[in-house]
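Good morning, colleagues. Please take a moment to look at the sequence and the model before I begin.

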Amino acid sequence: MSSWAPTKYKTKNWSSYNTALKQRGSLSIWFDPEMVWTPP
């Protein structure tokens with residue numbers, strides 16, 4: 001039985017690739033300064 005190998009892609013149009021990544025959106029992380037975190 002042969003092992004599975006992931007598919008490899010080669011990006012040829014980097015400007016289009018970067019534009020597509022920018023259009024996906026952004027990730028925002030909100031921190032609550034009043035939250036108390038105590039390590040276990």
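How much area does the chain expose, and what percentage of it do carbon and sulfur atoms supply? The chain exposes about 5000 Å², of which carbon and sulfur atoms supply 58%; accessible areas come from the Shrake-Rupley method with a 1.4 Å probe, and for residues only the protein chains shown count as cover.

This is a predicted model, in which local features need pLDDT of at least 70 and side-chain atom pairs count only at pLDDT 80 or more, while totals for chains, interfaces and linings use all residues. Residues are numbered from 1 along each chain as its sequence is written, and side-chain values use heavy atoms, with hydrogens and water left out.

Along its principal axes, the C-alpha trace spans about 50 × 40 × 10 Å. Of the 40 residues, 0% count as buried (under 20% relative accessible area; exposed is over 50%, and partly exposed is in between).

The chain has 1 helix and 0 strands, where helices (H or I, at least four residues) and strands (E, at least two) are DSSP runs numbered from the N terminus. Helix α1 covers residues 14–23 and includes Trp 14. Tyr 17 lies in helix α1 as well, 3 residues from Trp 14, about one turn of the helix.

The structure holds 1 aromatic pair. The rings of Trp 14 and Tyr 17 have centres 5.5 Å apart and planes at 90°, so the pair is edge-to-face (centres within 6.5 Å, planes over 60 degrees apart). Tyr 17 counts as partly exposed, because its relative accessibility is 38%.

Conventions. Buried < 20%, exposed > 50% of the residue type's maximum accessible area, 1.4 Å probe, protein only. Phe/Tyr/Trp six-rings, centres within 6.5 Å; stacked < 30°, edge-to-face > 60°.
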